[in-house]
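Open your viewer and get ready to click along. Here is a short tour, with something to select at each stop.

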Amino acid sequence: MRKIIATIASIALLAGLTACGGSEVSADQTTKSDSSSKTQLLPKPQPADLTGTWKQTNSNSDDTYMQATVADGAIKVEYIMGDTTALFWAGSYEAPTEAGDWKWDSANDQEQTQNALLASTDDTKTFEYLDSSKELSFPMTMQGVTATIRMQKQ
């Protein structure tokens, strides 16, 4: 009788362990199969965190460039000219909700820009983040010439 009970207990234990060995994937993971039929768990791509300081990469000068600060639902872009800083843009910032490229229209904060001599007078400005190059960009027009400002996070 003891042998029968021990055998049944062993089978039940083995069945329980086998049932726990399933292949569930959490919400923060995706699966990827390779040619050897092994399944790998990969982290789910997350939206980019644009919070922080960004510096212009396509400036023709080491001491004259644009710099952006992204924080608390706002983006602020300034000209840096040696020891002088001048406001170009202050506006809204919408954080990405999905991984990949991202684009948003920033509404001008008129209270901050109305008295700034070099500030943009646009009501909105379109900012774009390219995930592949980790680059933030936006158009800037001055005296009828438009250029795309490109920035990298510092």
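The stops below go from the whole chain to single residues.

**Stop 1: the whole chain**

Before you select anything, keep in mind that this is a predicted model. Show the chain as a cartoon and you should find two helices and ten strands. Follow the cartoon along the sequence and the order reads α-β-β-β-β-β-β-β-α-β-β-β.

Now switch on the surface. The accessible surface of the chain is about 10600 Å², and carbon and sulfur atoms account for 51% of that. Of the chain's 154 residues, 24% count as buried. Contacts also reach along the chain: among those with a separation of 6 or more, 36% join residues 24 or more positions apart.

**Stop 2: the nonpolar core**

Hide the surface and select M66, I75, V77, F138 and M151. In the largest nonpolar core, which has 21 residues, these five touch the most other members. At least two residues of this core come from each of strand 4 (64–71), strand 5 (74–81), strand 6 (84–92), strand 7, strand 8, strand 9 (135–142) and strand 10 (145–153). As background, nonpolar side chains in soluble globular proteins tend to be buried together.

Which residues does M151 touch, leaving aside its neighbours within four places in sequence? Select M151 and look around: its contacts include W54, M66, A68, V77, L136 and F138. Polar and charged names turn up there too, including K55, Q56, K134 and E135.

**Stop 3: salt bridges**

Next, colour the charged side chains. Side chains of opposite charge can pair when their charged atoms come close. How many salt bridges does the count come to? The count is four, and here are some to visit.

- Select R150 and E135. They form a salt bridge with the closest N and O atoms 3.4 Å apart. R150 is in strand 10 and E135 is in strand 9, so the pair ties together parts that lie 15 residues apart in sequence. R150 is partly exposed at 32% relative accessible area, while E135 is buried at 13%.
- Select D122 and K125. Their side chains meet in a salt bridge of 3.4 Å, N to O. D122 is partly exposed, with a relative accessible area of 36%, whereas K125 is buried, with 5%.
- Select K76 and E78. The closest N and O atoms of this salt bridge are 4.0 Å apart. K76 is partly exposed at 35%. E78 has 18% relative accessibility and counts as buried, because buried means under 20%.

**Stop 4: N108 and T113**

Move to N108, in the loop between strand 7 (102–107) and helix 2. Is N108 buried or exposed? N108 is buried, with a relative accessible area of 10%. Zoom in on its side chain, which reaches the backbone oxygen of S120 at 3.4 Å. Setting aside neighbours within four places in sequence, N108 is in contact with W89, A90, G91, T113, S120, T121, D122 and D123. You met D122 at the last stop, in its salt bridge with K125.

Now step over to T113, which sits in helix 2 and is buried at 5% relative accessible area. Beyond its neighbours within four places in sequence, T113 is in contact with L87, W89, A90, N108, A119 and S120.

**Stop 5: a nonpolar patch on the surface**

Bring the surface back and select M81, L117 and L118. Together they form a nonpolar patch on the surface, with about 300 Å² of accessible area. L117 lies in the loop between helix 2 (110–113) and strand 8 (124–130). At 80% relative accessibility, L117 counts as exposed.

**Stop 6: two loop residues with positive phi**

Finish with the backbone. Where is K134 found? K134 is in the loop between strand 8 and strand 9. Its phi is positive, about 55 degrees, although K134 is not a glycine. K134 counts as partly exposed, at 44% relative accessibility.

Then select Q143, in the loop between strand 9 and strand 10. Q143 is not a glycine either, yet it has a positive phi of about 50 degrees. With 80% relative accessibility, Q143 counts as exposed.

Note on methods: Residues are numbered from 1 along each chain as its sequence is written. This is a predicted model: local features need pLDDT of at least 70, side-chain atom pairs count only at pLDDT 80 or more; totals for chains, interfaces and linings use all residues. Side-chain values use heavy atoms; hydrogens and water are left out. Patches are made of residues with over 30% relative accessible area and no salt bridge: like charges are joined within 9 Å, nonpolar side chains (Val, Leu, Ile, Met, Phe, Trp, Tyr) within 5 Å. Accessible areas come from the Shrake-Rupley method with a 1.4 Å probe; for residues, only the protein chains shown count as cover. Helices (H or I, at least four residues) and strands (E, at least two) are DSSP runs, numbered from the N terminus. Buried means under 20% relative accessible area, exposed over 50%, partly exposed in between (1.4 Å probe, protein chains only). A polar contact is a pair of N or O atoms within 3.5 Å; within protein, one must be able to donate a hydrogen and the other to accept it, and residues adjacent in sequence count only if both atoms are side-chain atoms. Contact means heavy atoms within 4.5 Å. A nonpolar core is a set of buried Ala, Val, Leu, Ile, Met, Phe, Trp, Tyr and Cys residues joined through side-chain atoms within 4.5 Å.
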